[in-house]
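Morning, everyone. I have one structure for you today, and I'll take the ligand site before the fold. Here it is.

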Amino acid sequence: MDMDKLVSLCRRRGFLFQSSEIYGGLNGFWDYGPLGVELKRNIKEAWWRDMVTAHNELARPPGAPSTYEMVGLDCSIIMHPQVWKVSGHYDLFHDMMVDCRECQGRWRADHLQSGECPRKPSKRPGEFEKCQLTEPREFNLMFKTIVGAMGGEEDTAFLRPETAQGIFVNFKNVTDSTRVKIPFGIAQIGKSFRNEITPRNFTFRSREFEQMEIEFFCHPNSSRKWYEYWRDRRMAWYTGLGLAEGRLRLRDHAADELSHYSTGTGDIEYAFPFLAEGEFGELEGVAHRGDFDLRSHMEGKLDPKTNPLTVELGPDGKPLYKGSGRDLTYRDEVSNEHFTPHVIEPSAGADRATLAFLCEAYHEDQAPNDKGDMQTRTVMKFHPRVAPVKAAVFPLVKKDGMPEAAKEIYTALKRRWVVFYDEKGAVGRRYRRQDEAGTPYCITVDGQTLQDGTVTIRDRDTLEQWRVKSADVVEEIARRVGG
Ligand code: GAP
């Protein structure tokens, strides 16, 4: 698939725009247009529904070690700065950066091999004779901001680089305010910010993006089994919504890539079309995090290189970054066992998922135009659950009572879904516009409607058309798109 064609369709049809485009744009920031916002909302809603609200805590899902509960949170983006000191982000969340003194270009050190020299694009940075690259140096990815009016260093706060920490620091609030018992998960969807050195590949690596994260708290003895469950469960979620198995892979980190406190981390990866043949890009990470996070927020920043994990000490022999001192352990009411829960973290990117669904959906095929001649059509084959518009309603012509009948159907559908009404231009062109938007069903009111009360429904993918009674359209669409 040609990525340039998808990028151009996204702009032309209102899926995605560059942020602040009229001022030349801002690198790494994107705006979702009228179709894009519906697509991304549908993806987030599908995730929330499938992971949280529709989860039945009374039934053990296939592959799960036991039943479990799920609840949600919506935490603030700016948190107490100590959160990031204790979590390790303040000291350790950096990439190595290289600058060129000659052209002022800037790259991630590990991206030099895929970058290009601005002065000589046929060469890699550093390969052109005039390049003057600096030594790699650390660059912290957290955006700083100021809280309050004084604006001093002590007022510095950070935009969260992940939603996960909001969940860890609320662990006790959730267990105290609800009746959830381990094992249970806390889910959150929200914005995260990273000052990426080289944002690129459309929305894949952005500076502002949304995450869909679950922190799943379980007993240490069963954590490995829960890790396996979540890895498989999350993989199945993507295929269930239409990502082709052949373009997805689950890459388990090798033993030497794992922190010693983790017994497993796997990345769910997708063969994005902007990557070289055979390469995959991360959609979601599923990590076994042991008790690292809850312990850190109790005791202080843990040094991940220590084994067993110990609190990193400052020059005065005290914790370098103090934890909250609050008790984040858990007591099992049945066994009376007291322990620090282990955490499994399925962490997905809503924008990366949206990009993967856009890439997967893009198709070109041959379809007849109004005169019956075959033409190339561009069609976005979204799964009906994520399709931005579920159905479009057309009167064949703007007379003979057809618009009135079509508007009645449109109004009935609109109570439940995002639908589109269009009476302008040739019907074939109206179909094409909906194909590009990824609308699964088009409903046409024609001469026969006025005689026998039936309309045609056209399937976006097969182009099959069939007639149903106007009064049955809502039920027919509900059966096909759900909801
Ligand atoms: N709490 C764990 C965590 O944040 P991560 O692998 O750094 O882990 C999780 O991020 C997911 O967030 C990634 O798999 C990706 O989908 C998304 N993500 C991370 N950085 C991103 C960026 N710069 N732009 C878009 N999505 C990003």
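Let's start at the ligand. An N or O atom in the side chain of Glu282 sits 2.6 Å from an oxygen atom of the ligand. Taken alone, the ligand exposes 550 Å², and the protein buries 88% of that area. Keep in mind that this is a predicted model.

Two other polar contacts belong here. The side chain of Arg194 has an N or O atom 2.8 Å from an oxygen atom of the ligand. Gln211 places a polar side-chain atom 3.0 Å from a ligand oxygen atom.

Now the whole shell. How many residues are around the ligand? There are 20, and those that come nearest are Glu162, Glu196, Glu213, Glu282 and Leu283. Sort the shell by class and you get nine charged, six polar and five nonpolar residues. Which strands each supply at least two residues of that shell? They are β10, residues 208-218, β13, residues 281-290, and β18, residues 342-349. Glu282 and Leu283, among the nearest residues, fall within the span of β13, 281-290.

On to the helices. I have three pairs.

First pair: α2, residues 34-53, and α7, residues 223-240. Their axes come within 12 Å and cross at roughly 140°. What does that angle make them? It makes α2 oblique to α7, because the cut-off for roughly antiparallel is over 145 degrees. The crossing of α2 past α7 is right-handed.

Second pair: α2 again, now with α9. Here the axes cross at roughly 115° and come within 10 Å. These two helices are therefore roughly perpendicular to each other. α2 passes α9 in a right-handed crossing.

Third pair: α1, residues 3-12, packs with α9, residues 350-361. The angle is about 110°, and the axes are 11 Å apart. So α1 and α9 are also roughly perpendicular to each other. Their crossing is right-handed. That puts α9 in a pair with α2 and in a pair with α1.

Last topic: backbone geometry. Most peptide bonds are trans, and most residues other than glycine have a negative phi. I have some exceptions to show you.

Take the peptide bond from Ile182 to Pro183. Is it cis or trans? It is cis, with omega near 5°. Where does Pro183 lie? Look in the loop between α6, residues 171-177, and β9, residues 184-193.

Asn307 to Pro308 is also a cis peptide bond, with omega near 0°. Pro308 is placed in the loop between β14, residues 302-303, and β15, residues 310-311.

Then there is Ser20. Ser20 is not a glycine, yet phi is positive there, at about 55°. You will find Ser20 in the loop that runs between β1, residues 16-18, and β2, residues 30-32.

To recap the site: the side chains of Glu282, Arg194 and Gln211 each make a polar contact with a ligand oxygen atom. The protein buries 88% of the area that the ligand exposes when taken alone. That's it from me. Over to you.

Notes:
Residues numbered from 1 in each chain as written. Predicted model: local features only at pLDDT ≥ 70, side-chain atom pairs only at ≥ 80, totals over all residues. Heavy atoms only, no water. Near = heavy atom within 4 Å. Polar contact = N/O pair within 3.5 Å; in protein donor to acceptor, adjacent residues only side chain to side chain. Areas by Shrake-Rupley, 256 points an atom, 1.4 Å probe, with all protein chains shown as cover. Helix = DSSP H or I, 4+ residues; strand = E, 2+ residues; numbered from the N terminus. Nonpolar A, V, L, I, M, F, W, Y, C, P; charged D, E, K, R; others polar. Axes fitted to C-alpha atoms, helices over the stretch in contact; angles between N-to-C directions. Parallel < 35°, antiparallel > 145°, perpendicular 65-115°, else oblique. Left-handed = near helix turned anticlockwise from the far one by under 90°.
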